[in-house]
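Open the model in your viewer and keep the selection tool at hand. The tour below goes from one selection to the next and says what is there.

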Amino acid sequence: MSDARTPSAAAAAAPARPYDALLLLSFGGPEGPEDVVPFLENVTRGRGIPRERLAEVGQHYFLFGGVSPINAQNRELLDALRKDFAAHGLDLPVYWGNRNWAPYLVDALRELAADGHRRVLVLATSAYANYSGCRQYRENLAAALGQLREEGAPGAAELRLDKLRHFYNHPGFVRPMVDHTLAALAELPEPVRDGARLAFTTHSIPNALADSSGAPDDPARGAPGGAYVAQHRETARLVAEAVAEATGIAGRPWELVYQSRSGSPHTPWLEPDICDHLAAVHADGAAAVVMVPIGFVSDHMEVVYDLDTQARAAAEELGLPVSRAGTVGADPRFAAAVRDLVLERAGSARGERPARCALGALGPSHDLCPADCCPALAPPGRGPVPRGSAATSAGNPPPAAAGADWKD
Ligand SMILES: CC1=C(CCC(=O)O)c2cc3nc(cc4[nH]c(cc5[nH]c(cc1n2)c(C)c5CCC(=O)O)c(CCC(=O)O)c4C)C(CCC(=O)O)=C3C
Ligand SMILES: [Fe+2]
C-alpha cells in the first residue's frame, strides 16, 4: 500500500504517533554530601520513617561520598535510549525527571511543555506493581502537572501524560538478568558453582501494601503478597528456568527474598530478609549463593550498600561464598524493550491491536491503571478502598491530571 493516508503508512512515517516525547521518571538520588539530608527529607516526607532509620540510611550514602549511583545510571539509560531510538529511526525526544532529587519532575514537565510537546509517554524505572513503583509515580505526575497549570506554564494546560505498563516479564528485562546471573555464577569458585542457590531479591514493602498491589481484577490481588509478589515470583522463575537451561543443571534451588526494610518494627513487612536467608541456607548446607536483584533496574544504593556491603559482610561472617548479579541498567536490550513498549502503546492509542510482548504465564500488564490499582493504604479487611476516603482522596489524581493513565 502506498497511500500515505492509510494508518500503516502514516504510522511508518511517525511510528510513535500520537506521542511526541518520552519522559524517563525515576527516584533520584544525592550527588554530594550536602544533598544527603535534604534528599532523605524529600523521600520520607509524611511517611513515618523513624529518625534512627534515617540517620542509618544517611550513613550508607556517606560511605559512598554522599553520591548515589542512581543519577549517573539514569544518564546512561537516557543515552542508551537516545542511541537506540536514533538507530531505529524513531524520532522521539527523551526527557528525564525525578521524584526526590534534581533534575526534578516538575522542571522536566515545564521544559517538555515549553518545547511544544503535548502527548508524552512516561517510563517509570520500576518494573513491578506496587504503590511506590506505580501509583506514587502517577501521583507525582498529577501533582507536578497541577503545579504547572496553576503557574500558568506555557503548554501545561494541553500536556497529557501516559505511563507505560510494567515490564517485569518483558524479554528485554528478563534476558539481561539471565546473562548477569550466569556471569555471577561464573564468578564463584568452581568447586561451589554447581551447588550455588539463587536468591532473587527485591525491596521489602509492608505486607498490607503488597497484598493490595496490582489491579483489583488481577488474580493475584487478594492472595498473600498480591501482584507485587506474584510478578516477582514470575520473573524469578523465568530467570531460574533460563539459567537451568544454559547450565544444564535442573532443580537448582531458588527463593524470592527481601531487602532494604524500613518503617516501624511493629508493622509486618515482606520477609525473609536476604541476610536471614543467607544464614538459613548456609545452615541448610548450601555451597554458595548468587544474589539476583530482580527488584531493581540499576545498581543503585539499595544494591551497592544493602547487597554488596551489608549482605556480603553477613555472608563472609558465615563463610558462605556469594556473588551478585548485575541489574539491567543501560543494557541495549532493555533500551530496545522500551522502544518496543513505546511503539506498542502508540499503536494502541491509534486504535490498532499491536502485539504486546511478555514472557511466561501472567501476560502483559494493563496500560491503564484502574481506579483501585496499587492503593496507598491497605483497604481494611481487604475490601475495595472506598471512593473519597482518606486512603484515596489524597492519592488518586483526577482524570484530567493523570491523562489516559487514569480510568474512573
Ligand atoms: C518498592 C520500592 C522500590 C523499587 C521500585 C522503585 O524503584 O520504585 C524502591 C526503590 C528505591 N528506594 C530508594 C531509596 C529509599 N527508599 C526509602 C524508603 C522506602 N522505599 C520503599 C519501597 C521501594 N523503594 C518503601 C515502601 C519505603 C518506605 C517509605 C515509603 O513508604 O516511602 C528510603 C528512605 C529510607 C529507608 O527507610 O530506607 C530511601 C532513601 C531508591 C534510591 C536508591 C539510591 O539512592 O541509589 C530506590 C531506587
Ligand atoms: Fe498499579
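The bounds of the domains named on this tour come from an automatic or database domain assignment. The model itself is predicted.

**Stop 1: the two domains.** Select residues 7–167 together with 332–405 and colour them; this is domain 1. Give another colour to residues 171–324, which form domain 2. Taken over C-alpha atoms, the centres of domain 1 and domain 2 are 25 Å apart.

**Stop 2: where the domains touch.** On one side, 40 residues of domain 1 are in contact with residues of domain 2, and on the other side 33 residues of domain 2 take part. Now select α3 (51–63), α4 (70–87) and α13 (332–349): each of these elements gives two or more residues to the side of domain 1 that touches domain 2. Which of them gives the most? α13 does, with five residues. Colour this side of domain 1 by class and you will find 26 nonpolar, nine polar and five charged residues.

**Stop 3: ligand 1.** Select ligand 1 and the 26 residues around it. The ones that come nearest are Gly 29, Ser 68, Ser 262, His 300 and Met 301. Why does ligand 1 lie between the two domains? Domain 1 (7–167 + 332–405) and domain 2 (171–324) both give residues to the shell around ligand 1, so ligand 1 lies between them. To see which elements take part, select α2 (36–44), α3 and α12 (301–318); each supplies at least two residues of this shell. The largest share comes from α2, with three residues. By class, the shell has 14 polar, nine nonpolar and three charged residues.

**Stop 4: the largest nonpolar core.** Hide the ligand and turn to the core, which has 99 residues. Select Val 122, Val 239, Val 289, Met 291 and Val 292, the residues with the most contacts inside this core. Helix α10 (residues 226–247) gives the core its largest share, nine residues. Both domain 1 and domain 2 contribute to this core, with at least three residues from each.

**Stop 5: around Val 122.** Centre the view on Val 122. What is Val 122 in contact with, leaving aside its neighbours within four places in sequence? The list is Leu 23, Leu 25, Leu 141, Leu 161, Asp 162, Lys 163 and Leu 164.

**Stop 6: another core.** Apart from the largest core lies another one, of eight residues. Select Phe 27, Phe 39, Met 301 and Tyr 305, which are among them. Met 301 was also selected at the ligand stop, as one of the residues that come nearest to ligand 1.

Conventions. Residues are numbered from 1 along each chain as its sequence is written. Chains are lettered from A and ligands numbered from 1 in the order in which they are written. This is a predicted model: local features need pLDDT of at least 70, side-chain atom pairs count only at pLDDT 80 or more; totals for chains, interfaces and linings use all residues. A nonpolar core is a set of buried Ala, Val, Leu, Ile, Met, Phe, Trp, Tyr and Cys residues joined through C-beta atoms within 7 Å. A residue is buried if 20 or more other C-beta atoms lie within 10 Å of its own, exposed if 12 or fewer, and partly exposed in between; C-beta atoms are placed from the backbone. Helices (H or I, at least four residues) and strands (E, at least two) are DSSP runs, numbered from the N terminus. Two residues are in contact if their C-beta atoms, placed from the backbone, lie within 7 Å. Ala, Val, Leu, Ile, Met, Phe, Trp, Tyr, Cys and Pro count as nonpolar, Asp, Glu, Lys and Arg as charged, and the others, Gly among them, as polar. A residue is near a molecule or strand if its C-beta atom, placed from the backbone, lies within 6 Å of it.
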